[in-house]
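Open the model in your viewer and keep the sequence panel beside it. This tour goes stop by stop, with a selection to make at each one.

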Amino acid sequence: MAVAVADSPYGPFKRYENNPILSRNNEIWGLGHHSFCKTVDGKGLLCSYHCHGPYADSYMPRRFCLATAEFKEQPSGEDILIINGPVK
């Protein structure tokens, strides 16, 4: 999954230089259509997306996934988006 930002929904969009923010692994693949929201207490960030399960089960339909997300400050002063998932 990748991120791009713009000042308007019509663009122009600038791709995040640290893309991808989430990649397939042995547990999930076929990632797509992500969205972010705050946790109920407003202190955390969640990333929701859909994916396929383990590669061996690729015939299975897509499933809903949820992962915690955070911005980590770097020495350069620019924050990096980290996705810690999927949550089981």
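Partly exposed means a relative accessible area between the buried limit, under 20%, and the exposed limit, over 50%. Keep those cut-offs at hand for the stops below. Note too that this is a predicted model.

**Stop 1: the cysteines**

Select C37. Its relative accessibility is 41%, so C37 counts as partly exposed. Now add C47. At 0% relative accessibility, C47 counts as buried. Are the two sulfurs close enough for a bond, or too far? The closest cysteine sulfur to that of C37 is in C47, and because the separation is 9.0 Å, it is too far for a bond. Start from C47 instead and the closest cysteine sulfur is in C37, again at 9.0 Å. A disulfide needs the sulfur atoms within 2.5 Å. A search of the whole structure turns up zero disulfides.

**Stop 2: the overall fold**

Switch to cartoon. You will find six strands and zero helices. Read from the N terminus, the order of elements is β-β-β-β-β-β. The chain has 88 residues, and 27% of them are buried. Consider contacts between residues at least 6 apart in sequence: 28% of these join residues at least 24 apart.

**Stop 3: two cis peptide bonds**

Go to the loop between β1 (4-5) and β2 (14-15), where P12 lies. The peptide bond from G11 to P12 is cis, and its omega is near 5 degrees. Next, move to the loop between β2 and β3 (29-38), which holds P20. The bond joining N19 and P20 is also a cis peptide bond. Its omega is about -5 degrees.

**Stop 4: the nonpolar core**

Nonpolar side chains tend to be buried together in soluble globular proteins. Here, the largest nonpolar core has 14 residues. Which of them touch the most other members? Select M1, I21, Y49, L81 and I83 to see them. Three elements give two or more residues to this core: β4 (45-52), β5 (63-73) and β6 (79-84).

Stay on L81 and show what surrounds it. Leaving out residues up to four places away in sequence, L81 touches V3, Y16, I21, F36, A69, E70 and F71.

**Stop 5: the largest pocket**

Keep L81 selected, since L81 is also one of the residues lining the largest pocket. Add the rest of the lining: V3, V5, K14, R15, Y16, E17, F71 and E78. How much space lies in this pocket? About 200 Å³. Colour the lining by class and you get five nonpolar, no polar and four charged residues.

**Stop 6: K72 on β5**

Select K72, found in strand β5. K72 has 40% relative accessibility, so it counts as partly exposed. Display its contacts beyond four places in sequence: E78, D79, I80 and I82. One of these, E78, also lines the largest pocket. For I82, check the backbone. K72 and I82 are ten residues apart in sequence, with 7.1 Å from C-alpha to C-alpha.

**Stop 7: L66, also on β5**

Slide along to L66, in strand β5. Its relative accessibility is 29%, so L66 counts as partly exposed. Draw a C-alpha to C-alpha distance from L66 to H34: it reads 9.5 Å, for residues 32 apart in sequence.

**Stop 8: H50 on β4**

Select H50 in strand β4. Which residues is H50 in contact with, leaving aside neighbours within four places in sequence? Show G30, L31, G32, H33, R62 and R63. Pick L31 from that set. The C-alpha atoms of H50 and L31 are separated by 5.8 Å, and the two residues are 19 apart along the chain.

**Stop 9: P61 in the loop**

Finish in the loop between β4 and β5, where P61 is found. Is P61 buried or exposed? With 61% relative accessibility, P61 counts as exposed. Hide its neighbours within four places in sequence, and the remaining contacts of P61 are C51 and H52. Last, draw a line back to H50. The C-alpha atoms of P61 and H50 are 9.9 Å apart, and the residues are eleven apart along the chain.

Terms used
Residues are numbered from 1 along each chain as its sequence is written. This is a predicted model: local features need pLDDT of at least 70, side-chain atom pairs count only at pLDDT 80 or more; totals for chains, interfaces and linings use all residues. Side-chain values use heavy atoms; hydrogens and water are left out. On a 1 Å grid over the protein atoms alone, a cavity is a set of points where a 1.4 Å probe fits but cannot get out, and a pocket is an open set with protein on both sides within 12 Å along at least five of seven lines; lining residues have an atom within 4 Å of a point. Grid points are joined across faces, edges and corners, and a volume is the space filled by probe spheres set on the points. Ala, Val, Leu, Ile, Met, Phe, Trp, Tyr, Cys and Pro count as nonpolar, Asp, Glu, Lys and Arg as charged, and the others, Gly among them, as polar. Buried means under 20% relative accessible area, exposed over 50%, partly exposed in between (1.4 Å probe, protein chains only). A nonpolar core is a set of buried Ala, Val, Leu, Ile, Met, Phe, Trp, Tyr and Cys residues joined through side-chain atoms within 4.5 Å. Helices (H or I, at least four residues) and strands (E, at least two) are DSSP runs, numbered from the N terminus. Contact means heavy atoms within 4.5 Å.
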